Structures are given as C-alpha cells and as structure tokens.
Amino acid sequence: SQCFLNIAGFGTTVSEIRYTGPGNKAVFKVLGLKSSLISGVKVLISPGIGGVVVWDIDTTPEIASTSLVTFKNCSALLGNGINNVGWRLGHKSGGGADISSYQWENCSAYGNESEGTVISGHVGWLLEGRNTLQNTWFGGFGAYLDKVYSNLSQPGTGATYENGNGSVFFFGLGGSHNNIDYEIAAEQVYFISGGRFEVGKKFLVVPKGVEDPIITVTGVEVNDYNPADGILISMGRPGSLTLDACRMYAKD
C-alpha cells in the first residue's frame, strides 16, 4: 500500500517519453508513493490524443496516503488533444485521503506551443479532493495552457467533484500565453511570490460561490495581458486579496 522510490530521467534536452495513446488514460498512475523524488522526467503527449493525465496522483480506501513527493526538473508537454493535464492530484480520493506536501522544483507544463494556440481543458496542475494540502512550487513555467494552476474539480469517471484545498505556496512560478494563470476555488491560504507572466488573458480567477480564500500576491510582474472583458483579476465572492510590490499592465 506504500512505496518509496527515487526516479531519475537522463538524456539530452530533447529526450522524452512519448505517449501515443490511448486517450482518456494516465501516463503514470501514482498510488501510495511516499517520501520520494522524481527528477528529469519529460513526457510528450502525441498529437490528436485527448483526456490524458501525465501524472495522475491519487488514493483509494485501501491506500490512504500518497504524500511527501518532490518533482524536480520535470516537464509535461500536452500536445493538441483536448482536456490534457500535466499533474492531477486527488481526482477520486474523497475526503479521507492524504495527498499533501508535494513540491515542484523547476518543473514545466506546456500546451499547444508548437501551433501557437491554447487548447480547451489544458491544465498544468489540477488539484482535486479535500486533502490536497501544503503544496509548494519553486520556479517552473506554464505556457499555452487553459489554466496553469486550478483547484476546481473537473468532471470525469469516478471523480469526487470536490475542489482541492489551499495552503498552497508559489515561489517564482512564471507563465506565458495562458487563458488563466491561477484559478482558486477553495478557502484557506494562497501565497504567490515572484514570477513573471506575459501575454495572457487573466491572472487570477476565484469562481462564484467560493468561500473566503486568503490570497497574497507579492513581487509579481504581469504584462501585455488582453482580457476580453477588461478584467485581469476576478473574485466571485468576498475574500482577502493583498497585492504588494507588483507590476501589472495590459496591452497597449
């Protein structure tokens, strides 16, 4: 029910695992992994394949904890199929699971960069389930994504339909050409420090009905954005939002 692994990928900068199907599956299904390090693993989803999750991290009633895992220098290239996700945590776990204390160090998620368009449902990091807690990003990048980070639960076979938790900390995560950089759909604390985001549409969205998130954004640069409705930051319910020492401006 638990395992402890160190996994390292080696090769040139173009070396990668190429996933060629089928769609609507996970490249890696992770259950019960504890106190482990995954480094240098680069995955490319081949063109035309949709519904794929590169790293599907979860629990079951028998495997109640999948936690304390670090990803370092890993990449997820999502191709041009719809609804592909880089990392998904807690899709089926429900309220009793433990999917906490994850770290991503200089990891990246890219959507349909080669064609220069954003594909519907491309998410870099998607957190679902009630115990996806205490997760941290150091550096890294997300580009040509529908959403870089979201904890709004998505439909799917066996999904719990529970939004992911907060207590999330970002240090230097950046992005380019994304529809939404941060979609926050649950209460608790969110700390966004540093990072540069460019040529996107919306920096931060809190959907309607979300209760009282506490969000701090400090030392972040957001430039050349062009939201269709003219709104860079949208909060659907009252909460706490602090902007400190940030530089934000739209397209000329």
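How many salt bridges does the structure hold? The structure holds 9 salt bridges. This is a predicted model, and the tour below visits some of those pairs, then two single residues, then the pockets.

**Stop 1: E16 and R18**

Select E16 and R18 and show their side chains. They meet in a salt bridge, with 3.1 Å from N to O. E16 counts as partly exposed, at 22% relative accessibility, while R18 counts as exposed, at 57%.

**Stop 2: R196 and E221**

Next, select R196 and E221. These residues form a salt bridge whose closest N and O atoms are 3.7 Å apart. The pair links distant parts of the chain: R196 belongs to strand β20 (residues 196-198) and E221 to strand β23 (residues 221-225), 25 residues apart. R196 is partly exposed at 41% relative accessibility, and E221 is partly exposed at 22%.

**Stop 3: K202 and D229**

Now select K202 and D229. Their side chains meet in a salt bridge of 2.9 Å, N to O. K202 is in strand β21 (residues 202-206) and D229 is in the loop between β23 and β24 (233-235), so this salt bridge ties together parts that are 27 residues apart in sequence. Is K202 buried or exposed? K202 counts as buried because its relative accessibility is 16%, below the 20% limit for that class. D229, with a relative accessible area of 46%, is partly exposed.

Before leaving the salt bridges, add E198 and R247 to a selection of R196 and E221. Salt bridges that share partners join R196, E198, E221 and R247 into one network.

**Stop 4: D146**

Select D146, in the loop between β14 (141-143) and β15 (147-150). Which side chain of opposite charge is nearest to D146? That side chain is K147, 5.5 Å away; D146 is buried yet has no salt bridge. The gap is too wide for a salt bridge, because the cut-off is 4 Å between a side-chain nitrogen of Lys or Arg and a carboxyl oxygen of Asp or Glu. To see what surrounds D146, leave aside its neighbours within four places in sequence and show its contacts: V118, I119, S120, G121, H122, N179 and I180.

**Stop 5: S46**

Move to S46, found in the loop between β5 (42-45) and β6. S46 is buried, with a relative accessible area of 15%. Apart from neighbours within four places in sequence, S46 is in contact with Y19 and T20. Then draw a distance from the C-alpha atom of S46 to that of L78: the two are separated by 8.0 Å, though the residues are 32 apart along the chain.

**Stop 6: the largest pocket**

Select G51, V53, N83, R88 and P155. Of the 22 residues that line the largest pocket, these lie nearest its centre. The elements that give two or more residues to the lining are β6 (53-58), β9 (85-89) and β12 (123-127). About 500 Å³ of space lies in this pocket. Colour the lining by residue class to see 6 nonpolar, 9 polar and 7 charged residues.

**Stop 7: the second largest pocket**

For the last stop, the second largest pocket holds about 240 Å³ of space. Select L44, L77, G79, G111 and S114, the closest to its centre of the 16 residues that line this pocket. The same colouring here gives 6 nonpolar, 6 polar and 4 charged residues.

Technical notes. Residues numbered from 1 in each chain as written. Predicted model: local features only at pLDDT ≥ 70, side-chain atom pairs only at ≥ 80, totals over all residues. Heavy atoms only, no water. 1 Å grid on protein atoms, 1.4 Å probe; cavity = no way out; pocket = protein on both sides within 12 Å on 5 of 7 lines; lining within 4 Å. Points joined across faces, edges and corners; volume = space filled by probe spheres on them. Helix = DSSP H or I, 4+ residues; strand = E, 2+ residues; numbered from the N terminus. Nonpolar A, V, L, I, M, F, W, Y, C, P; charged D, E, K, R; others polar. Buried < 20%, exposed > 50% of the residue type's maximum accessible area, 1.4 Å probe, protein only. Lys, Arg positive; Asp, Glu negative; His and termini not counted. Contact = heavy atoms within 4.5 Å.
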